[in-house]
Amino acid sequence: MTSEMHPSRWGDPTMAGELPESTRDLVEIALGIQETPAVGEVSLPPSRLQPGLLDELAQLLGAEHVLTDDEQRRLRTRGKSTPDLLKARAGDLSDAPDAVVRPGSHADVENLISFAVRHHVALVPFGGGTCVTGGLAARREGYAGLLSVDLVRLKALRDVDRRSMTAVLEPGLRGPEAEALLAEHGLVLGHYPQSFEYASIGGFAATRSSGQASAGYGRFDAMVVGLTVATPQGTLDLGSSPANAAGPDLRQLVLGSEGTFGIITAVRVRVKELPAEKVYEAWQFGSFAKGADAMRHLAQNNLMPTVLRLSDEAETALNLASQSDVGGEANSGCLMIVGHEGPADASATGSVVGRRALVADALTRLGGVSLGEERGTAWAEGRFHAPYLRDSLLDVGVLAETLETATFWADRERVYTAVRDALTHELGEQTIVLCHISHVYETGCSLYFTVATGQDEDPLGRWAAAKAAASQAMIDAGATITHHHAVGTDHLPWFAQEIGPVGVSILRSVKDGLDPTGVLNPGVMIP
Ligand SMILES: Cc1cc2nc3c(=O)[nH]c(=O)nc-3n(C[C@H](O)[C@H](O)[C@H](O)COP(=O)(O)OP(=O)(O)OC[C@H]3O[C@@H](n4cnc5c(N)ncnc54)[C@H](O)[C@@H]3O)c2cc1C
C-alpha cells in the first residue's frame, strides 16, 4: 500500500486493474459496456495566493511544508465520491487548493489559523482525503486563497494509559498506522471502515465515522473520550473524565463538525485488549426481513457479535454470482456475515468460543442456516477491495456509487422500499440497486445502498438527480440523511430539513462564536 492515493481513482495506484472477466460478463448483460477514454494530463488553475502570503507561511511552517506544485495540489483536490472521481477523470480541477501546508504541531495549527484570520484565507483540514460528501470542496469565493491543511506530520501515539485503557492519538495517523502503534502495546482501537487503509484519526472524529466492526467496538464517536481542538478563539481541551454532568457534552459538538469549528490536533480514545482470536462466518436467511429480525433480536438481547451485516436478496445474488457454486441452494435468500473477535481462552469473559455459541444458537432458532467460515473469511480478506472495483466499473462506462441512511426497526422496511423506489424511478429500470444492513443498534439499523447504472451522456447530472431523489425519500420517510458519511456540502439541503430551522440556527451561532470570520472549511456542514 502506498501512502498517496491515485488522484482520480481509489487507493494504491498499483492495485488498479481491469474488471474481472466474470463481473464483466454480468455487467455487460445487465448494464452494457462502454469503454471511457482516459483524459490526458490537465494543468491546474494557477495558485491565487499572493507571493507575500506564501513567504509568511514559509516563515511560520518552514518552506518545505508549504507546497504549491501541481502534483501536491492535485492530490489534495476533493475527496473520493464517484462525482469526485468523475470530475478528476474529466480533468476538472477547479477545486484545487492554492497551496498545501503541513503543520507539525498544535502550535503550528494555531499559528496557521491566526494567519488565516489575518489574511482572510480559507483552511480545509485534510486527513486521508477519503471524504465522499464534498467535505473537502470548501467555498473559495471571497477569500484571499484556500489552503489544504494536510495533517500528515501529526502522526504520533502520544500516550497510552493502560490502567484507564485510553490512548492519545494524533489526527494524521491513518487507520493501519494507528492500529500498528497500539498493537505494540497489545491494544486495539477496532475501527475498520471500508476506507480504513487511507482514512485518518482526525477524519474519523470530524465525520463521526462507523466501522465494519462497530457492532462490537462501537462507532468512532463512541470511542472518543477527549479531544484537543485549535479554533480561531483559542484551544479547546475536552474530556477531563470518563463521564460527567457538566452541561451539554461539548465533545459531541466537535465530533462530526467536519473542520468547521476547529482543527482537531489530538484525540483520546478508549482502547481494548488486542484480540487473540478472530472468526468470521456466514449465515443464510430466507429473506431480508427474516435476517433483519434476527439482527434485531441479537441487538436487543445483548448478543452482539463484533461484525454483523446482512445483504438483501439482490446483493446476495450479485456478490455470489461470480463464485463457483452459483445457483446452489446456499445462494438464495440473504447472506449475513457474523464476526467474533476476542480472547481465545474459552474460560475468559467474552471469549470467542462462548460468544459464538450463544449467537449461533440464537441465529439457528431465528431461522438462520450456518454456511460455515469459508465465506466469512473470504469477506474479511476482501473487505477493503470493493473500492477498486468501482474504478474498474467507471472504466467501462458504469456509474457505481453508494449512499446510506439509518432508521428505527419499525420503519426499516418502509425506508428501504422508499429509497430503492426513488433510485430506480430516477435512473430507470436498467439499474442495479443493492442494499445491506451495515450497522445495528438496539433501536434500529443503517441501510447501505450500492447503485450501478450506465453513465450515459451526463453521469454527473444523472447521479445528482438520483441522489437528490433518494435523499428526499430518506427525509420524507423520517430517516436520517447520513448514518456515517457525514454532511459535507452534498447533504446540506437535506441536513437542514432533518434538524429544522432551530437546529440550523444553533449550528450557525456556534460557528459565529468560534470562527466569526468564517475561515474554517467555508460552505461545509453548516446549512
Ligand atoms: C471507498 C470508501 C469507503 C468508505 N467507507 C466508510 C465506512 O465504512 N465508514 C465510514 O464511516 N466512512 C466511510 N467512508 C467515508 C470516509 O472514509 C470517512 O468519512 C472518513 O472518516 C474520512 O476520514 P479522512 O481522514 O479521509 O478525512 P478527510 O476526507 O480528509 O476529511 C473529511 C472531513 O473532515 C475534515 N477533517 C479531516 N481531518 C480533520 C481534523 N483533524 N480536524 C478537523 N477536521 C478534519 C475535512 O476537512 C473534511 O471535511 C468511505 C469512503 C470511501 C471513499
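Visitor: Which residues does R270 touch, leaving aside those up to four places away in sequence?
Guide: In this predicted model, R270 touches M165, T166, L189, Y217, G218, A222, M223 and V225. Each of these counts as a contact because heavy atoms lie within 4.5 Å. R270 itself is placed in strand β10, which spans residues 263-270.

Visitor: What makes the pairing of R270 with the backbone oxygen of Y217 a polar contact?
Guide: A polar atom in the side chain of R270 lies 2.4 Å from that backbone oxygen of Y217. The cut-off for a pair of N or O atoms is 3.5 Å, and 2.4 Å falls within it, so the pair qualifies.

Visitor: How far apart are the C-alpha atoms of R270 and G354?
Guide: The two C-alpha atoms are separated by 24 Å, while R270 and G354 are 84 residues apart along the chain.

Visitor: Why are α11 and α13 called oblique?
Guide: The axes of helix α11 (residues 288-300) and helix α13 (residues 352-365) come within 10 Å and cross at roughly 140°. An angle over 145 degrees would count as roughly antiparallel, and the roughly perpendicular range is 65 to 115. The value of 140° belongs to neither class, and α11 is therefore oblique to α13. The crossing is right-handed. A294, H297 and L298 of α11 meet V359, A362 and L363 of α13.

Visitor: How do the residues in the contact of α11 with α13 divide by class?
Guide: There are five nonpolar residues, one polar and no charged. His is absent from both the nonpolar and the charged lists, so it counts as polar; H297 is among the contact residues of α11.

Visitor: What relation does α11 have to α16?
Guide: Helix α16 (residues 412-427) packs with α11 at an angle of about 135°, their axes being 11 Å apart. This angle lies between 115 and 145, so the two helices are oblique to each other. α11 passes α16 in a right-handed crossing. On α11 the contact residues are F288, A289 and A292, and on α16 they are R412, E413 and Y416. By class these give four nonpolar, no polar and two charged residues; Arg and Glu are the kinds that count as charged here.

Visitor: What makes the arrangement of α4 and α17 parallel or antiparallel?
Guide: Helix α4 (residues 82-89) and helix α17 (residues 459-476) have axes 10 Å apart and pack at about 170°. The threshold for roughly antiparallel is over 145 degrees, and 170° exceeds it, so α4 and α17 are roughly antiparallel. Their crossing is left-handed. P83, L86 and K87 of α4 face P459, L460 and W463 of α17 in this contact, which divides into five nonpolar, no polar and one charged residue.

Visitor: How many residues surround the ligand, and which are the closest?
Guide: The ligand is surrounded by 35 residues, with P125, T130, S195, S200 and S210 as the closest.

Visitor: How do you know that T130 makes a polar contact with an oxygen atom of the ligand?
Guide: That ligand oxygen is 2.6 Å from an N or O atom in the side chain of T130, and the limit is 3.5 Å, so the pair counts. Backbone atoms also take part: a polar one of Q194 is 2.9 Å from a ligand oxygen, and a polar one of I264 is 2.9 Å from a ligand nitrogen.

How values were computed: Residues numbered from 1 in each chain as written. Predicted model: local features only at pLDDT ≥ 70, side-chain atom pairs only at ≥ 80, totals over all residues. Heavy atoms only, no water. Axes fitted to C-alpha atoms, helices over the stretch in contact; angles between N-to-C directions. Helix = DSSP H or I, 4+ residues; strand = E, 2+ residues; numbered from the N terminus. Parallel < 35°, antiparallel > 145°, perpendicular 65-115°, else oblique. Left-handed = near helix turned anticlockwise from the far one by under 90°. Near = heavy atom within 4 Å. Polar contact = N/O pair within 3.5 Å; in protein donor to acceptor, adjacent residues only side chain to side chain.
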